[in-house]
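User: Please explain the terms applied to this structure and how each one is justified.

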Amino acid sequence: MRMPRGGRLLMATCLGSLFVLVLYFQTITKPEPGVNTDSRPGKSRRSPLQTLYNGDQLELLEAQRSLQGRRELLEQACLSHTRKRQVLSPEDLKHLIVDDKHSLIYCYVPKVACTNWKRVLMVLTSDGRYTDPLSIPANEAHVAGNLRTLSEFSVPEINRRLRSYLKFIFVRDPFERLVSAYRNKFTRSYNTAFHRRYGTKIIRRHRPEPDPEEIEKGNNVLFHEFVQYLVDPRTQREEPFNEHWERVHSLCHPCLIHYDVVGKYETLEPDAQAVLSLAGVEGTLQFPTSGKSTRTDGDMAARYFKHISPFYQKKLFNLYRMDFLLFNYSTPEYLRT
């Protein structure tokens with residue numbers, strides 16, 4: 001199918017902007033000291049991007065220095081492991097949430113504290129309507145339209161924000177994130193939408209002689225069946241992965257978009273505090289702490305992978321290999337590949 005002329009022009013424009021971004025990515029262009037990167041009238045405060053790159057290094061929090069080290073590791077990994085230049089369209093930017101008030105862009109990754117980050121951004125962008133992140137119901141944080149995404153802007157506005165806003169992302173051990181997604185979407189009785197949308201297909205395709213009721217409800221998917229579904233070539237031929245188990249590099253394009261801050265779920269609280277400090281709101285806003293006692297960690301992931309054969313462990317690792325490489329996660333010791 002031929003792309004309409006307008007669409008082709010948009011893609012060509014995006015390609016040009018991405019070429020600029022690649023150069024920016026390699027040279028780490030910094031905003032000039034004292035220059036306000038936000039063009040809105042009357043705004044003179046130092047932006048988070050200026051604070052990060054032009055601030056006194058002695059004043060930076062230890063966590064901020066750690067985040068910069070991760071950024072440099074990501075840059076090196078991108079240069080080492082990516083060759084193909086991909087062209088992004090605005091549709092590829094739908095996971096990047098924009099806070100114009102504080103000059104922030106956040107790429108949300110499901111199962112990496114994204115609900116709490118959305119709550120924080122709702123507070124930051126609400127002009128006083130919200131003051132406490134935890135007072136915002138989780139389902140409200142995910143309502144489309146409550147937060148603006150980069151994909152909603154024109155190409156020139158997209159490029160302006162990419163150049164001048166602090167861009168940050170939070171990542172997690174890929175297999176711990178995957179087990180967390182499985183537990184949340186397939187072992188909780190209330191997630192009937194996921195059971196019907198994905199569970200029925202997984203059971204029909206990957207369970208020998210399933211009962212008709214199991215196919216109808218799709219509410220008892222086993223982890224090894226979920227793994228088989230993920231590595232089945234038919235799965236991605238038929239439709240893209242759901243965002244809860246899509247690879248981070250496919251959601252956020254970290255080798256095309258220069259992320260100034262790479263936070264990790266494993267050090268969530270200090271990393272989140274560092275971002276809020278860069279945004280200048282650390283004294284008025286606290287990142288919500290998790291009260292979960294059953295958080296998915298390495299030990300829990302090991303228990304789930306214990307029942308996955310080496311053949312499927314290897315295929316699954318190859319599927320998520322780029323996330324391990326780009327974000328400096330070691331191959332889990334529990335794998336038998």
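The following exchange sets values against definitions.

Analyst: This is a predicted model, in which local features need pLDDT of at least 70, side-chain atom pairs count only at pLDDT 80 or more, and totals for chains, interfaces and linings use all residues. Residues are numbered from 1 along each chain as its sequence is written, and side-chain values use heavy atoms, with hydrogens and water left out.

User: Why are H8 and H10 called roughly perpendicular to each other?

Analyst: Helix H8 (residues 192–206) and helix H10 (residues 223–231) pack at about 90 degrees, their axes being 10 Å apart. Angles of 65 to 115 degrees count as roughly perpendicular (under 35 is roughly parallel, over 145 roughly antiparallel, the rest oblique), and H8 and H10 are therefore described in that way.

User: What makes the pair Lys101 and Asp127 a salt bridge?

Analyst: A salt bridge requires a side-chain nitrogen of Lys or Arg within 4 Å of a carboxyl oxygen of Asp or Glu. For Lys101 and Asp127 the N to O distance is 3.4 Å, so the pair meets this definition.

User: Is Asp127 called buried or exposed, and why?

Analyst: Buried means under 20% relative accessible area, exposed over 50%, and partly exposed in between (1.4 Å probe, protein chains only). Asp127 has 63% relative accessibility and therefore counts as exposed. Lys101, at 41%, counts as partly exposed.

User: Which salt bridge links helix H8 to helix H11?

Analyst: Lys201 in helix H8 pairs with Glu238 in helix H11 (residues 233–238), 37 residues apart. The N to O distance is 3.7 Å. Glu238 has 42% relative accessibility and so counts as partly exposed.

How values were computed:
Axes are lines fitted to C-alpha atoms, for helices over the stretch in contact, and angles run from 0 to 180 degrees between N-to-C directions. Helices (H or I, at least four residues) and strands (E, at least two) are DSSP runs, numbered from the N terminus.
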